[in-house]
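Grab a viewer and a pencil. Here are a few short exercises to work through with the coordinates open.

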Amino acid sequence: MTGSDGQPFRDPDGLPLEAAELSLQQLVLESPDIKAFLTELAILASTRLSGPGNTIHSGVTVLRHKRPQAVAASDAAARALDELQNGFGQGPCLTALRQGTTLLVPDLSAEDRWRPYIRTAAANGVSSILAVPLDLAGEAEAVLNLYSGRSNGFSGEDVATVESFAAQAASSLRLILRISQLREARNDLTAAMQSRTVIDMAVGAIMAQNRCDRDTAFSILTRASSTRNIKLRDVAATVITSISGEERITAYFDE
Amino acid sequence: MNADWTGDPDQLLEADEQRREVARRFRDTQVPMMKLWTYYYGLGGDADEMSFDAYLNEALHLPASQVGLIATAMRELSAGEDL
């Protein structure tokens with residue numbers, strides 16, 4: 001169904017769309033698979049770029065509810081640095097995340113932007129920072145952050161390497177997100193089938209007992225649910241149990 | 001916009017008001033449309049996804065019984081939300 005201008009119905013503020021995106025970001029933050037994947041990415045980036053005398057710390061930050069959250073890191077130092085920046089609410093990695101472009105700070109002592117953060121990071125031994133956003137095609141927002149103890153710790157070649165890393169990781173991540181989303185939708189549908197079966201049976205039972213129509217039976221059930229503050233499905237299950245003694249009603253269907 | 005309405009005009013105003021309130025609550029929750037529809041379907045809801053989406057965007061009216069189920073679905077789903 002489309003609106004008069006041929007566009008799908010959407011709130012003018014685009015809020016429903018945003019709500020869907022938020023749930024994907026929630027997925028990035030809560031799925032153990034995705035967390036493990038991002039941790040591996042951080043470790044890989046850090047081992048690949050670290051050289052003698054130049055240890056690279058790497059972390060991943062995800063934006064959720066417009067607030068950044070550090071989700072994975074190669075080591076404790078990187079996580080602490082990510083959290084530090086998120087605490088300040090500003091810094092090169094957050095700017096890279098918001099702009100969607102790679103950002104390199106070759107020398108912290110020569111940087112005038114994001115002063116409070118830069119000063120604290122420098123005091124923690126960081127001299128250069130590289131931030132590369134992961135393009136998740138609007139499904140979530142994430143950035144790969146790399147910290148070096150040396151000024152000019154990242155060569156042009158390093159930047160290209162990390163960018164190609166990030167691009168590959170992002171395409172895998174998009175797939176993981178899609179699969180997780182489908183799996184969740186399937187689980188929701190399974191739960192809905194079970195719930196609908198129980199409620200339909202209870203409605204039928206009330207119709208027979210009260211000799212009423214479906215809408216009336218439904219409103220009896222709904223009223224019982226809201227006055228007792230019990231879920232509709234649970235009230236329905238109680239109705240069935242009280243009539244037949246059956247405890248478990250399940251719907252059978254092929255998955 | 002209200003071509004689907006066949007009842008009393010006064011009831012239409014009331015239904016419009018109710019629909020505006022439901023739409024507003026939907027925008028305030030973090031629940032995606034499909035998740036809400038699936039839950040509503042699980043409660044015994046009869047409207048398809050298209051009509052459901054249209055209702056939540058204040059573009060279509062649904063029978064009172066369906067509106068009640070949408071409200072129940074929202075209440076039960078947001079009760080389980082840990083946001």
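The exercises below go from the fold of one chain to single residues and then to a cavity, and the model they use is a predicted one.

**Exercise 1. Describe the make-up of chain B: which elements does it have, and in what order do they run?**

Solution.
- Start with the count: chain B has four helices and zero strands.
- Now walk from the N terminus, and you read α-α-α-α.
- Next, check the packing. Of the 83 residues in chain B, 51% are buried.
- Then look at contacts between residues at least 6 apart in sequence: in chain B, 57% of these join residues at least 24 apart.
- Finish with the outside. Chain B has an accessible surface of about 4,100 Å², and carbon and sulfur atoms account for 53% of that.

**Exercise 2. Find B:His61 and decide: is it buried or exposed?**

Solution.
- Locate the residue first: B:His61 sits in the loop that links helix H3 (49–56) to helix H4 (64–79) of chain B.
- Its relative accessible area is 9%. The cut-off for buried is under 20%, so B:His61 counts as buried.
- Last step, look for a polar partner: the side chains of B:His61 and B:Asp16 make a polar contact at 2.8 Å.

**Exercise 3. Do the same for A:Ala77: where is it, and what is its relative accessible area?**

Solution.
- A:Ala77 belongs to helix H3 of chain A, which covers residues 76–88.
- The relative accessible area of A:Ala77 is 35%. Partly exposed covers the range between 20% and 50%, so that is the label A:Ala77 gets.
- Now compare sequence with space: A:Asn124 is 47 residues away from A:Ala77 along the chain, yet their C-alpha atoms are 9.4 Å apart.

**Exercise 4. Search the whole structure for cavities of 30 Å³ or more: how many turn up? Then say which residues line the largest cavity.**

Solution.
- The search gives one cavity of that size.
- The largest cavity holds about 30 Å³ of space.
- Go round its wall and you meet B:Phe26, B:Thr29, B:Val31, B:Leu36, B:Met74, B:Leu77 and B:Ser78.
- Sort the lining by element: H4(B) gives the largest share, with three residues.
- Sort it again by chemistry: five of the lining residues are nonpolar, two are polar and none is charged.

Definitions and conventions. Residues are numbered from 1 along each chain as its sequence is written. Chains are lettered from A and ligands numbered from 1 in the order in which they are written. This is a predicted model: local features need pLDDT of at least 70, side-chain atom pairs count only at pLDDT 80 or more; totals for chains, interfaces and linings use all residues. Side-chain values use heavy atoms; hydrogens and water are left out. Helices (H or I, at least four residues) and strands (E, at least two) are DSSP runs, numbered from the N terminus. Buried means under 20% relative accessible area, exposed over 50%, partly exposed in between (1.4 Å probe, protein chains only). Contact means heavy atoms within 4.5 Å. Accessible areas come from the Shrake-Rupley method with a 1.4 Å probe; for residues, only the protein chains shown count as cover. A polar contact is a pair of N or O atoms within 3.5 Å; within protein, one must be able to donate a hydrogen and the other to accept it, and residues adjacent in sequence count only if both atoms are side-chain atoms. On a 1 Å grid over the protein atoms alone, a cavity is a set of points where a 1.4 Å probe fits but cannot get out, and a pocket is an open set with protein on both sides within 12 Å along at least five of seven lines; lining residues have an atom within 4 Å of a point. Grid points are joined across faces, edges and corners, and a volume is the space filled by probe spheres set on the points. Ala, Val, Leu, Ile, Met, Phe, Trp, Tyr, Cys and Pro count as nonpolar, Asp, Glu, Lys and Arg as charged, and the others, Gly among them, as polar.
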